[in-house]
Number of protein chains: 2
Amino acid sequence: MKKPTIKDVAKLAGVSFKTVSRVVNQEPNVSEAVKEKVLESIKQLNYQPNHTARVMRKAPFSLAFVYDNPNSHYVIEMQNGIISECRKKGFELVIHPTDSRSDEVGNELASMIGSNQIGGIILTPPLSENKELVTFLLSKDAKVVRILSGEQPPDSLAPVLHVDDVDAGFKMTQYLLELGHRDIAFLGFHASHESSLGRVKGFKNAHEARNVPFDKNLIIDGEFTFESGMDMAKQVLSMPKRPTAIFACNDEIAAGAVFCARLNDITVPEELSVVGFENSPFAMQTWPHLTTIDQPNFDIAATAAAMVIEMMKSNDIYTVDSRGFSLDVVVRDSACKPLLKSAI
Amino acid sequence: MKKPTIKDVAKLAGVSFKTVSRVVNQEPNVSEAVKEKVLESIKQLNYQPNHTARVMRKAPFSLAFVYDNPNSHYVIEMQNGIISECRKKGFELVIHPTDSRSDEVGNELASMIGSNQIGGIILTPPLSENKELVTFLLSKDAKVVRILSGEQPPDSLAPVLHVDDVDAGFKMTQYLLELGHRDIAFLGFHASHESSLGRVKGFKNAHEARNVPFDKNLIIDGEFTFESGMDMAKQVLSMPKRPTAIFACNDEIAAGAVFCARLNDITVPEELSVVGFENSPFAMQTWPHLTTIDQPNFDIAATAAAMVIEMMKSNDIYTVDSRGFSLDVVVRDSACKPLLKSAI
DNA sequence: TTTTTTATTGACAACGTTGACATTGGTTGA
DNA sequence: TCAACCAATGTCAACGTTGTCAATAAAAAA
């Protein structure tokens with residue numbers, strides 16, 4: 001009981017296999033009668049076009065999602081967004097986690113492209129920041145879409161889905177300033193991490209917009225992890241003039257900061273407001289629930305997938321436009337008005 | 001500048017394209033001199049075998065990872081394990097999240113198999129518990145490997161990677177009993193959830209093995225979520241005879257329970273020990289860090305992938321053996337000896 | 001009616017690879 | 001010396017599609 005081919009269908013329907021192909025591909029110029037007969041035979045034999053043969057004659061129907069990110073929540077949300085779009089369009093997704101520091105990324109991807117498996121690629125930070133990589137992939141005839149944080153990149157190599165970190169950092173800082181905080185620490189600055197650069201920039205901008213001076217010493221370097229969050233909070237909380245609020249560069253750092261505050265008998269939010277960034281599950285599993293920034297990862301990813309697919313389908317120079325996404329503050333319970341100084 | 005084919009290489013090396021094919025596939029009976037010449041040409045042209053054409057002539061080189069699981073950490077660990085194995089063997093992974101309650105799963109997968117994209121399938125709970133589905137997939141000539149929790153299934157349809165929940169539940173309960181707890185609540189029983197059945201069974205067995213009676217009312221039904229964990233803990237903590245320990249069916253429930261205890265001014269672990277299951281990131285981001293059960297997801301997944309690949313390669317009836325994985329208690333800070341009753 | 005156009009269908013090659021089999025030339029064993 | 005063998009290489013069909021172009025029949029225009 002072998003898999004039926006297009007020829008089996010043709011034989012059963014009493015037409016040439018080319019006609020069947022036409023019906024399957026919904027090409028014009030097939031008479032209603034024949035079309036019906038063919039469809040009937042297809043159903044009867046439970047025929048399914050051989051995807052592989054089809055790819056060989058036409059173009060790849062797969063795209064790759066490339067990431068180097070320890071944050072499983074982020075990855076899954078992105079992945080799900082991409083998959084949902086792929087399903088709709090009949091494309092397949094290949095997952096490609098990688099180490100952005102290794103030189104192999106390019107070669108690995110090139111080999112997938114070269115072997116005709118992959119037609120399009122979705123790049124997330126920090127890989128999407130690597131222009132050399134993008135140029136290289138472009139030279140291999142792949143369609144590339146980048147998801148980028150931080151500031152809008154100046155180049156137009158490939159479409160960008162831009163997550164406006166500067167604006168989000170601004171909004172969040174503004175929120176804290178409006179609550180009355182004047183000494184806000186920023187945890188998780190990372191010079192090589194584009195999105196942290198953007199968030200810091202928004203942080204600074206918000207201060208300037210309100211004419212609130214900010215202390216550079218309150219911008220702390222660190223990783224995007226819980227442990228690092230603890231360390232940084234420790235640094236900040238032992239300062240002579242202890243800040244009244246912490247702007248953590250992501251929720252894990254925030255969770256670490258809350259944890260550290262608790263270890264030092266500092267109550268959150270009464271004595272210390274802590275806000276996060278990302279709206280990951282951690283935000284809801286810390287006490288108090290974290291006020292944070294929500295990032296519509298699913299939608300971003302789905303849009304990215306739609307773009308790549310569009311680019312793969314219309315193979316001409318026609319370029320899809322870049323898009324920006326703005327993020328919003330999700331108010332929960334980890335930030336409130338600061339206590340009066342005298343009360344501390 | 002088109003992609004070079006095997007014929008281009010052949011022309012350059014001055015041999016027939018079949019010989020090139022032999023070199024590429026490392027077949028025997030090629031003289032050293034010729035082999036060297038061909039390899040040289042391959043390098044020079046940067047030739048890459050066309051994966052698609054290869055699949056068409058031989059068998060699929062892709063396998064699918066099918067899951068229906070809201071837990072991103074679990075999914076990513078599994079996924080990474082599978083991918084790492086796929087990389088080694090030159091296989092490609094297709095991710096297939098799905099809704100286990102829908103009837104479409106079978107059809108979706110059948111369509112991937114039928115179209116020659118997928119040769120093997122890795123099924124996780126609860127899909128792996130669905131014998132009908134497994135039988136159906138088997139009938140479509142797919143290689144299937146199941147990852148199952150709970151008790152060893154009696155059938156031998158397809159190889160199983162069995163996670164020994166009963167044993168793990170036993171170990172954890174034993175740990176609590178040894179600490180001196182006698183009133184232990186079990187949060188997160190779910191009749192349709194195989195692994196919860198296994199964990200409860202281990203829970204009961206441990207009590208019986210030590211001749212400790214247990215109260216059936218302390219086994220609470222609920223979902224595997226933070227919110228549900230809070231609800232269940234609330235139920236249990238308001239009982240007249242409040243338990244001294246909580247065995248949560250996963251870390252999220254445990255985190256919810258800890259949270260709930262805190263809301264009720266019950267200190268963990270002094271007044272209430274709470275243990276989790278899974279060793280997810282949440283376990284380290286709750287205060288105190290959760291004592292929990294570690295599940296080697298990466299290894300399990302990698303083994304599963306190795307099995308499917310083995311089955312795909314050796315296409316005969318030769319069956320890969322099922323395997324069991326035992327889990328261990330990770331002792332952290334959320335459980336300790338119970339206070340004397342008089343002290344409560 | 002005859003010619004031209006158009007819609008429908010089919011024959012055949014091509015995609016890039018591997019499998020089955022044929023050919024060549026050299027080595028072995030009687 | 002010659003048959004038998006074997007290693008090395010080549011020829012050609014096949015995999016299941018789609019693209020190109022030709023052939024037919026029907027409809028429209030002359």
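## Exercises on a predicted model

Leu39(B) lies in helix α3 (residues 32–45) of chain B. Keep in mind as you work that this is a predicted model.

**Exercise 1.** Decide whether Leu39(B) counts as buried, partly exposed or exposed, and find how many residues along the chain lie between its position and that of Val20(B).

*Solution.*
- Step 1: Recall the cut-offs: buried means under 20% relative accessible area, and exposed means over 50%.
- Step 2: Leu39(B) has a relative accessibility of 44%, so this residue counts as partly exposed.
- Step 3: Now look along the chain: Leu39(B) and Val20(B) are 19 residues apart, and 8.5 Å separates their C-alpha atoms.

**Exercise 2.** Turn to helix α3 of chain A and work out which residues are buried and why they are on the same side of α3(A).

*Solution.*
- Step 1: Start with the helix itself. α3(A) covers residues 32–45, which makes 14 residues. From first C-alpha to last, α3(A) reaches 20 Å, close to the 20 Å expected at 1.5 Å a residue.
- Step 2: Find the buried residues of α3(A): they are Val38(A), Ser41(A) and Ile42(A).
- Step 3: These residues lie on the same side of α3(A) because they cover an arc of only 105° around the axis.
- Step 4: Ask what they pack against: the partners are α1 (6–13) and α2 (17–24) of chain A.
- Step 5: Check the other side of α3(A), where Glu32(A), Ala33(A), Glu36(A), Lys43(A) and Gln44(A) are exposed.
- Step 6: Finish just past the helix: Asn46(A) follows α3(A) and has a positive phi, near 55°.

**Exercise 3.** Describe what UniProt lists for residues 4–58 of chain A and give the helix and strand content of that span.

*Solution.*
- Step 1: The UniProt record, an unreviewed entry, lists these residues as "domain: HTH lacI-type".
- Step 2: In the model, the span is 67% helix and 0% strand, and its end C-alpha atoms lie 21 Å apart.

**Exercise 4.** Trace the four-stranded open sheet in chain B and name the helices that pack on or lie across its strands.

*Solution.*
- Step 1: Read off the strand order, β7-β6-β8-β9, with parallel pairing.
- Step 2: Pick out the edges. β7 (219–221) and β9 (273–275) of chain B each pair on one side only.
- Step 3: Note the twist, which averages 20° from one strand to the next.
- Step 4: Add helix α8 (residues 165–179) of chain B, which packs on the sheet and touches β6, β8 (245–248) and β9 of chain B. Its direction makes about 170° with that of β8(B).
- Step 5: Add helix α9 (residues 194–209) of chain B, which lies across β6, β7 and β8 of that chain at about 165° to β6(B).
- Step 6: Zoom in on one pairing: three bridges join β6 (residues 184–189) of chain B to β7(B). Phe186(B) has Ile219(B) as its bridge partner in β7(B).

Key. Residues are numbered from 1 along each chain as its sequence is written. Chains are lettered from A and ligands numbered from 1 in the order in which they are written. This is a predicted model: local features need pLDDT of at least 70, side-chain atom pairs count only at pLDDT 80 or more; totals for chains, interfaces and linings use all residues. Side-chain values use heavy atoms; hydrogens and water are left out. Two strands pair if DSSP finds at least two bridges between them. Helices (H or I, at least four residues) and strands (E, at least two) are DSSP runs, numbered from the N terminus. Axes are lines fitted to C-alpha atoms, for helices over the stretch in contact, and angles run from 0 to 180 degrees between N-to-C directions. Contact means heavy atoms within 4.5 Å. The expected span of a helix is 1.5 Å times one less than its number of residues. Buried means under 20% relative accessible area, exposed over 50%, partly exposed in between (1.4 Å probe, protein chains only). The arc is that of the directions from the helix axis to the C-beta atoms. UniProt positions are given in the numbering used here, feature names are shortened, and annotations may be inferred rather than shown by experiment.
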